[in-house]
Amino acid sequence: MPKPFNSSLKKAHPDLKARYKDFADPGKPVDDWDMRMQSLLRDFIMSRPMATDIIIDSLVCRTNVCEIRLLENRKYLLLGLFGELMQQPWMANQVNGSVDFNPDNSNAFYMLLMRKPTTN
């Protein structure tokens, strides 16, 4: 993983490291959740008024995990973006998240989102 995001995993809680392992080795997709979630996340980020000051370094969803790596040009934009994102109904119903605001680079935002198990 490139800098400045690599320090997020080095210092991360074991749960975040386990989620990253699931992301790196996703297995075979069971449906189109990954494509739908990736589109929802990208559209949400790009529709914010502050989108011109946010750089999407990477936004990839695979099988049951999404990895988001963002950079900000102005401080505290990503903190607000994260708060808004967690309030979206489609987020609350579909994912659990882990987020790390990189202490080595306060302009970097790293997040892993895990798909919630579906109940039948």
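Which side chain makes a polar contact with the side chain of Arg-48? The side chain of Glu-84 does, at 2.8 Å. This is a predicted model, and the values below are computed from it.

**Arg-48 and Glu-84**

Arg-48 sits in the loop between H3 and S1. Its contact with Glu-84 also counts as a salt bridge, with the closest N and O atoms 2.8 Å apart. Glu-84 belongs to helix H4, which spans residues 77-86, while the loop of Arg-48 runs between helix H3 (33-47) and strand S1 (54-62), so the bridge ties together parts that are 36 residues apart in sequence. Glu-84 is partly exposed, because its relative accessibility is 28% and the buried class ends at 20%. Leaving aside neighbours within four places in sequence, Arg-48 is in contact with Leu-81 and Glu-84.

**The salt bridges**

How many salt bridges does a search of the whole structure find? It finds five. Three of them, including the Arg-48 pair, are set out here.

| Pair | Closest N to O distance |
|---|---|
| Arg-48 and Glu-84 | 2.8 Å |
| Arg-74 and Asp-53 | 3.0 Å |
| Arg-69 and Glu-67 | 3.5 Å |

Arg-74 and Asp-53 meet through their side chains. This pair links distant parts of the chain, 21 residues apart. Arg-74 is in the loop between strand S2 (65-72) and H4, and Asp-53 is in the loop between H3 and S1. Why is Arg-74 classed as partly exposed? Its relative accessible area is 46%, and the partly exposed class lies between 20% and 50%.

Arg-69 pairs with Glu-67 in a salt bridge. Both residues are buried. Salt bridges with shared partners join Asp-57, Glu-67 and Arg-69 into one network.

**Arg-69 and its strand**

Arg-69 lies in strand S2. Its relative accessible area is 12%. That value makes Arg-69 buried, because the class takes in residues under 20%. Strand S2 is mostly covered, with seven of its eight residues buried.

Arg-69 and Asp-57 are twelve residues apart along the chain, yet their C-alpha atoms are separated by 5.3 Å. The strand pairing gives the setting. S1 and S2 pair in the antiparallel sense, over eight bridges. Two residues lie between these strands in a hairpin. One residue in the turn, Thr-63, has a positive phi of about 45 degrees. Arg-62 has Val-65 as its bridge partner in S2. Val-60 is partnered in S2 by Glu-67, a residue that also forms the salt bridge with Arg-69.

S2 also pairs with S4, again in the antiparallel sense, over seven bridges. Which residue of S4 is the bridge partner of Arg-69? It is Tyr-110.

**The disulfide**

The count of disulfides comes to one. Cys-61 is joined to Cys-66, with an S to S distance of 2.0 Å. The link is right-handed, with 110 degrees about the S-S bond. Are these two cysteines buried or exposed? Both Cys-61 and Cys-66 are buried.

**The nonpolar core**

In soluble globular proteins, nonpolar side chains tend to be buried together. Here the largest nonpolar core holds 23 residues. Those touching the most other members are Met-37, Leu-41, Ile-45, Ile-68, Leu-70 and Leu-113. Which elements give two or more residues to this core? They are H3, S1, S2, H4, helix H5 (89-94) and strand S4 (108-115).

Leu-41 shows how these parts meet. Beyond neighbours within four places in sequence, Leu-41 is in contact with both disulfide cysteines, Cys-61 and Cys-66. Its other contacts of this kind are Leu-59, Ile-68, Leu-85, Trp-90, Met-91 and Leu-113. Two of these, Ile-68 and Leu-113, are also among the core residues that touch the most other members.

**In brief**

Arg-48 reaches Glu-84 in H4 from the loop between H3 and S1. Arg-69 is buried and belongs to a salt-bridge network with Asp-57 and Glu-67. S2 pairs with S1 and with S4.

Definitions and conventions. Residues are numbered from 1 along each chain as its sequence is written. This is a predicted model: local features need pLDDT of at least 70, side-chain atom pairs count only at pLDDT 80 or more; totals for chains, interfaces and linings use all residues. Side-chain values use heavy atoms; hydrogens and water are left out. A salt bridge is a side-chain nitrogen of Lys or Arg within 4 Å of a carboxyl oxygen of Asp or Glu. Helices (H or I, at least four residues) and strands (E, at least two) are DSSP runs, numbered from the N terminus. Buried means under 20% relative accessible area, exposed over 50%, partly exposed in between (1.4 Å probe, protein chains only). A nonpolar core is a set of buried Ala, Val, Leu, Ile, Met, Phe, Trp, Tyr and Cys residues joined through side-chain atoms within 4.5 Å. Contact means heavy atoms within 4.5 Å. A disulfide is a pair of cysteine sulfur atoms within 2.5 Å. A polar contact is a pair of N or O atoms within 3.5 Å; within protein, one must be able to donate a hydrogen and the other to accept it, and residues adjacent in sequence count only if both atoms are side-chain atoms. Two strands pair if DSSP finds at least two bridges between them.
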